[in-house]
Structures are given as structure tokens and as C-alpha cells.
Amino acid sequence: MISSDRQHTLAAEATFEGICLHTGEQAQLRILPGEANSGYVFVRTDLEGAPEIPTHVSNVSETRRGTTLKSGEATIHTTEHVLAALYALGIDNARLELDGPEVPILDGSALPFMEGLESAGSTALDAPRRFF
């Protein structure tokens with residue numbers, strides 16, 4: 001866990017691939033470093049215009065059997081494990097590029113995300129950490 005008054009992002013890209021729990025589709029999630037003050041932003045790379053979905057409470061559209069985010073017509077299902085891993089590791093900003101409607105389930109926990117993100121490392125940004 002990062003202890004600092006500065007915001008952090010990833011030092012390198014982390015990629016995860018696998019089957020999605022609810023849709024049964026294969027998906028790839030690329031997590032890239034994010035700009036200061038950007039927070040976590042999902043990008044649906046499979047949709048025209050690659051719509052962005054910021055992870056904000058106003059974009060939560062469903063919480064049964066997972067957390068679904070929606071912005072316009074774009075949705076992302078089962079976001080909770082990857083978001084928990086980012087938060088637990090003290091990463092404040094990341095760009096999450098997903099080529100489908102759902103985050104891969106991997107082993108069903110946040111652990112594979114934690115391990116992949118730890119391998120990518122983190123870096124401090126020149127911006128003060130913001131607290132909710």
C-alpha cells in the first residue's frame with residue numbers, strides 16, 4: 001500500500017485476459033497509467049468512438065451480482081474486483097481499456113488483479129492526493 005499525500009498511477013501497463021462471468025465472452029482488459037486527477041476511467045475499445053465511463057457513483061447503474069457502470073449507451077459489468085485492487089494498492093488514476101462489456105472474472109477474486117498491478121508498479125504524480 002502506498003502511503004503518501006501525492007497521487008499515484010501505474011508505472012507500466014498491466015493486461016488481463018479471460019472469460020467473463022455473466023456474458024461468457026472472452027475479454028481483454030488493459031490497465032494503463034492515468035493522468036493526475038483523472039481517477040479510474042473505463043474505455044470500451046470495442047464500441048464506436050471508444051466511449052469513456054468514469055468510475056463515479058453517478059455512473060453506477062446496477063449492483064445485483066456485480067457492479068455495473070454506465071455512461072450513455074456504454075456499460076461495463078463486474079467492475080468490483082479490479083477497482084478494489086486499484087484502491088487497495090493506492091493507485092489513484094488509471095485508464096482501463098476493455099474490449100467487451102464485462103471485466104474478465106479470472107479466479108473470481110481481486111488477487112490476480114492485485115498481483116498484475118503490483119508487477120506493473122506505481123509512480124507518484126505531481127498532484128496532491130484527493131480524499132472523498
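Let us begin with the surroundings of Gln7. Leaving aside neighbours within four places in sequence, Gln7 is in contact with Ala36, Asn37, Asp92, Asn93, Thr123, Ala124, Leu125, Ala127, Pro128, Arg129 and Arg130. I should say at once that this is a predicted model. Gln7 itself is found in strand β1. Is Gln7 buried or exposed? With a relative accessible area of 3%, Gln7 is buried, because anything under 20% counts as such. Its side chain also reaches the backbone oxygen of Pro128, at 2.9 Å.

Two of the residues that Gln7 contacts, Asp92 and Arg129, lead us to the next topic. The side chains of Arg129 and Asp92 meet in a salt bridge, with an N to O distance of 2.7 Å. Where do these two residues lie? Arg129 lies in the segment after β10 (122-128), and Asp92 in the loop between α1 (80-88) and β9, so this pair ties together parts that are 37 residues apart in sequence. Arg129 has 14% relative accessibility and therefore counts as buried.

How many salt bridges does a search of the whole structure find? The search finds seven. I shall describe two others besides the one between Arg129 and Asp92.

One of them joins the side chains of Arg30 and Glu13, at 2.9 Å from N to O. This pair links distant parts of the chain: Arg30 is in strand β3, while Glu13 is in the loop between β1 (6-10) and β2, and the two are 17 residues apart. Arg30, at 28% relative accessibility, counts as partly exposed. Glu13 is likewise classed as partly exposed, at 38% relative accessibility.

Another joins the side chains of Glu52 and Arg95, at 3.0 Å from N to O. Here too distant parts of the chain are linked, with Glu52 in strand β5 (residues 52-54) and Arg95 in strand β9 (residues 94-98), 43 residues apart. The relative accessible area of Glu52 is 42%, so Glu52 is partly exposed. For Arg95 the value is 28%, and this residue is also partly exposed.

Which residues are linked in a network of salt bridges? They are Glu13, Arg30, Glu52, Arg95 and Glu97. Both of the pairs just described thus have their members in this network.

I turn now to the strands. Strand β3, which holds Arg30, covers residues 26-33 and is joined by six bridges to strand β2, residues 14-19. The two strands run antiparallel. Within this pairing, Phe16 stands opposite Leu29 in β3. Together β2 and β3 form a hairpin with six residues between them. In the turn, Gly24 has a positive phi of about 75 degrees.

Finally, there is an open sheet of three strands, with antiparallel pairing and the order β6-β7-β8. Which strands are at the edges? They are β6 (60-62) and β8 (74-76), each of which pairs on one side only. From one strand to the next, the twist averages 35 degrees. Two bridges join β6 to the antiparallel strand β7, residues 68-71. As for individual partners, Glu62 has Thr68 in β7 as its bridge partner. What holds such strands together in general? Strands of a sheet pair through backbone hydrogen bonds, either parallel or antiparallel.

To close, I return to the starting point: Gln7 is a buried residue in strand β1, and among its contacts are Asp92 and Arg129, whose side chains meet in a salt bridge. Thank you for your attention.

How values were computed:
Residues are numbered from 1 along each chain as its sequence is written. This is a predicted model: local features need pLDDT of at least 70, side-chain atom pairs count only at pLDDT 80 or more; totals for chains, interfaces and linings use all residues. Side-chain values use heavy atoms; hydrogens and water are left out. Two strands pair if DSSP finds at least two bridges between them. Helices (H or I, at least four residues) and strands (E, at least two) are DSSP runs, numbered from the N terminus. Axes are lines fitted to C-alpha atoms, for helices over the stretch in contact, and angles run from 0 to 180 degrees between N-to-C directions. A salt bridge is a side-chain nitrogen of Lys or Arg within 4 Å of a carboxyl oxygen of Asp or Glu. Buried means under 20% relative accessible area, exposed over 50%, partly exposed in between (1.4 Å probe, protein chains only). A polar contact is a pair of N or O atoms within 3.5 Å; within protein, one must be able to donate a hydrogen and the other to accept it, and residues adjacent in sequence count only if both atoms are side-chain atoms. Contact means heavy atoms within 4.5 Å.
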